[in-house]
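Take a look at the model below and follow the chain with me. We will go from strand pairing to helix packing, and then to a cavity.

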Amino acid sequence: MKTVSENRSFGGMQGVYSHASQACSCDMTFGLFLPEEARHGPVPVLWYLSGLTCTHENAMTKAGAQAVAAEAGIALVFPDTSPRGEDVADAAGYDLGQGAGFYVNATEAPWAPHFRMRDYLAEELPGLIGAEFPLEMDRQAITGHSMGGHGALTLAMSLPERFCTVSAFAPIANPTRSDWGRKQLGAYLGPDESAWAPHDATLLMAERGFPGEVLIDQGSADQFLDLLKPEALAEAMMARRQPGTFRMQKGYDHSYFFISTFMADHVAFHAEALRA
């Protein structure tokens, strides 16, 4: 593992690190914020998964999460959204290929050799940071935005023993019924739609739900509402009587202005469970 940068932030340290990933067969970069308490012992962990076109850097610099995390004494992990490099497959559009990994393990050419983001996030990166940094890996929570909200929800519901809480900002909520999903899941996983179902938050909510609390924030003025399909997830939560909160925030769009407005709520939501 290589240290790209380390900067003091709110009494703690915001670092950026790179490493050779076995899961993705390329070098991967991630951000990690450690609060001051990490200097004295392990601290709980909140993961933030970013959306289409983003890198590890977007939320790290725009979301305003470090101040609240420092106050709560929890770490923040900002992974990248896909494998990257000259040898990694890509596409001309912004919504497929590099920057658009969709947090799945691809099985189809040309994506399969590198696009194994689920293994990377479920196994490899947790193992790496747990070994290298003072983190309480038995106390983890997860959040994300848009494509990252999709990833956070699907990872949390498929790994319920790992995450005590899950939240999302404007998640791609029903990708098997959306153009933000059908294109990518078909490309990465092939035409058999039964292979797509484990990566659809609405279907997972209907099938199994989540044992902890869930928090969803969606902007009512989001320009991508028809692609996100928040109503499908809300209906599934209601039908299952899932413990949690779904908030439609009046006038907010899909941008980081929306995320930064409600980030403190999400960090506090997770911190309460992580510190319980």
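In this predicted model, strand 6 (residues 135-144) and strand 7 (residues 163-169) run parallel and are joined by 2 bridges. Find Gln140 and look across to strand 7: Phe163 stands opposite. Helix 4 (residues 147-158) packs on the sheet here. This helix touches strand 4 (43-49), strand 6, strand 7 and strand 8 (213-219). The direction of helix 4 makes about 155° with that of strand 7.

Now step back to the sheet as a whole. It is open, with 9 strands and mixed pairing. The strand order is 1-2-3-5-4-6-7-8-9. Strand 1 (2-9) and strand 9 (244-249) stand at the edges. Each has a single partner strand, so one side of each is left without a neighbour in the sheet. On average, neighbouring strands are turned by 20° against each other, direction ignored.

Start at the strand 1 edge and move inward. Strand 1 pairs with strand 2 (residues 12-21) in the antiparallel sense, over 7 bridges. Glu6 has Gly15 of strand 2 as its bridge partner. The two strands form a hairpin with 2 residues between them. Phe10 lies in that turn and has a positive phi of about 50°.

Strand 2 also pairs with strand 3 (residues 26-34), again running antiparallel, and here 9 bridges join the two. Val16 has Gly31 in strand 3 as its bridge partner. This pair forms a hairpin as well, with 4 residues between the strands. Ser25 in the turn takes a positive phi of about 55°.

How many residues of strand 2 are buried? The count is 8 of the 10, so strand 2 is largely enclosed by the rest of the structure. In strand 3, 7 of the 9 residues are buried, so this strand too is largely enclosed by the rest of the structure. Here buried means under 20% relative accessible area. Next along comes strand 5 (residues 75-79), which pairs with strand 3 in the antiparallel sense over 4 bridges. Phe33 has Leu76 in strand 5 as its bridge partner.

Turn next to helix 8 (residues 230-240). Pro230, Ala232, Leu233, Ala236 and Met237 are buried there. Why do these residues lie on the same side of helix 8? They cover an arc of only 160° around the axis, which puts them on the same side. On the other side of helix 8, Glu235, Met238 and Ala239 are exposed. What do the buried residues of helix 8 pack against? Their neighbours are helix 4, helix 6 (201-207), strand 8, helix 7 (225-228) and strand 9. So helix 4, which packs on the sheet, is also a packing partner of the buried residues of helix 8. Just after helix 8, Arg241 takes a positive phi of about 60°.

One last feature is a cavity. The count comes to 1 cavity of 30 Å³ or more. About 50 Å³ of space lies in the largest cavity. Its lining is made by Tyr103, Arg118, Thr154, Leu155, Ser158, Pro198 and His199. Which element gives the most to this lining? Helix 4 does, with 3 residues. Helix 4 thus returns a last time: it touches strand 7 in the sheet, and it contributes to the lining of the largest cavity.

How values were computed: Residues are numbered from 1 along each chain as its sequence is written. This is a predicted model: local features need pLDDT of at least 70, side-chain atom pairs count only at pLDDT 80 or more; totals for chains, interfaces and linings use all residues. Side-chain values use heavy atoms; hydrogens and water are left out. Two strands pair if DSSP finds at least two bridges between them. Axes are lines fitted to C-alpha atoms, for helices over the stretch in contact, and angles run from 0 to 180 degrees between N-to-C directions. Contact means heavy atoms within 4.5 Å. Buried means under 20% relative accessible area, exposed over 50%, partly exposed in between (1.4 Å probe, protein chains only). The arc is that of the directions from the helix axis to the C-beta atoms. On a 1 Å grid over the protein atoms alone, a cavity is a set of points where a 1.4 Å probe fits but cannot get out, and a pocket is an open set with protein on both sides within 12 Å along at least five of seven lines; lining residues have an atom within 4 Å of a point. Grid points are joined across faces, edges and corners, and a volume is the space filled by probe spheres set on the points.
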